Amino acid sequence: MSFLGFGKAAPSSAEKIAAVENELKVVAEMHSRMVKICTAKCLDTTYREGELSKGEGVCLDRCAAKFFEAHQKISDQLQKETQARGGGFMS
């Protein structure tokens, strides 16, 4: 890998599209995991009411916030480790 990307060819349109598609896939998978985890944790499976109770809504808000906070911390740590190795996964 070159220093600061010098000498590296610019990504093609197909590579840019693939990168965006991959990022969308990761975000969709993360959303799906969050919904599954927070639903199991916060919602009563008897569904006695048609609307979320105040407690369920608060629980879902907190669960989602914690999920995103944990995801951000993990992403930051992975980015630091990647940069420490020279900026790429294959260095």
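Me: In this predicted model, which residues does Cys 42 touch, leaving out those up to four places away in sequence?
Reply: Let's start with where Cys 42 sits: it belongs to the largest nonpolar core. One of its contacts, Cys 63, is listed in that core as well. Not counting residues up to four places away in sequence, Cys 42 touches Glu 56, Cys 59, Leu 60 and Cys 63.

Me: Nice. Which element gives the largest share of that core?
Reply: The core has seven residues: Met 30, Met 34, Cys 38, Cys 42, Cys 63, Ala 64 and Phe 67. Two elements give two or more residues to it, namely helix 1 (13–42) and helix 2 (54–84). The largest share, four residues, comes from helix 1.

Me: How far apart in space are Val 35 and Leu 60, C-alpha to C-alpha?
Reply: Val 35 has its place in helix 1, and with a relative accessible area of 37% it's partly exposed. Leu 60 is one of the residues that Cys 42 touches. Along the sequence Val 35 and Leu 60 are 25 residues apart, while in space their C-alpha atoms are separated by 8.9 Å.

Me: Is Phe 67 buried or exposed?
Reply: The cut-off for buried is under 20% relative accessible area. Phe 67 comes out at 18%, so it counts as buried. Its sequence neighbour Phe 68, at 40%, counts as partly exposed. For Phe 67, then, the word is buried.

Me: And what is the angle between the planes of Phe 67 and Phe 68?
Reply: Searching the whole structure turns up one aromatic pair. That pair is Phe 67 with Phe 68, at 6.4 Å centre to centre. Planes over 60 degrees apart count as edge-to-face. This pair is edge-to-face, with an angle of 90°.

Me: Over to charges: which residue forms a salt bridge with Arg 48?
Reply: Side chains of opposite charge can pair when their charged atoms come close. For Arg 48, the closest N and O atoms of the bridge are 2.6 Å apart. Arg 48 is exposed at 72% relative accessible area, whereas its partner is partly exposed at 30%. That partner is Asp 44.

Me: What's the closest N and O distance between Lys 73 and Glu 69?
Reply: The count comes to two salt bridges, and Lys 73 with Glu 69 is one of them. Both sit in helix 2, four residues apart, so about one helical turn separates them. Lys 73 is exposed at 54%, while Glu 69 is partly exposed at 44%. Their closest N and O atoms are apart by 3.3 Å.

How values were computed: Residues numbered from 1 in each chain as written. Predicted model: local features only at pLDDT ≥ 70, side-chain atom pairs only at ≥ 80, totals over all residues. Heavy atoms only, no water. Core = buried A, V, L, I, M, F, W, Y, C linked by side-chain atoms within 4.5 Å. Buried < 20%, exposed > 50% of the residue type's maximum accessible area, 1.4 Å probe, protein only. Contact = heavy atoms within 4.5 Å. Salt bridge = Lys/Arg side-chain N within 4 Å of Asp/Glu carboxyl O. Phe/Tyr/Trp six-rings, centres within 6.5 Å; stacked < 30°, edge-to-face > 60°.
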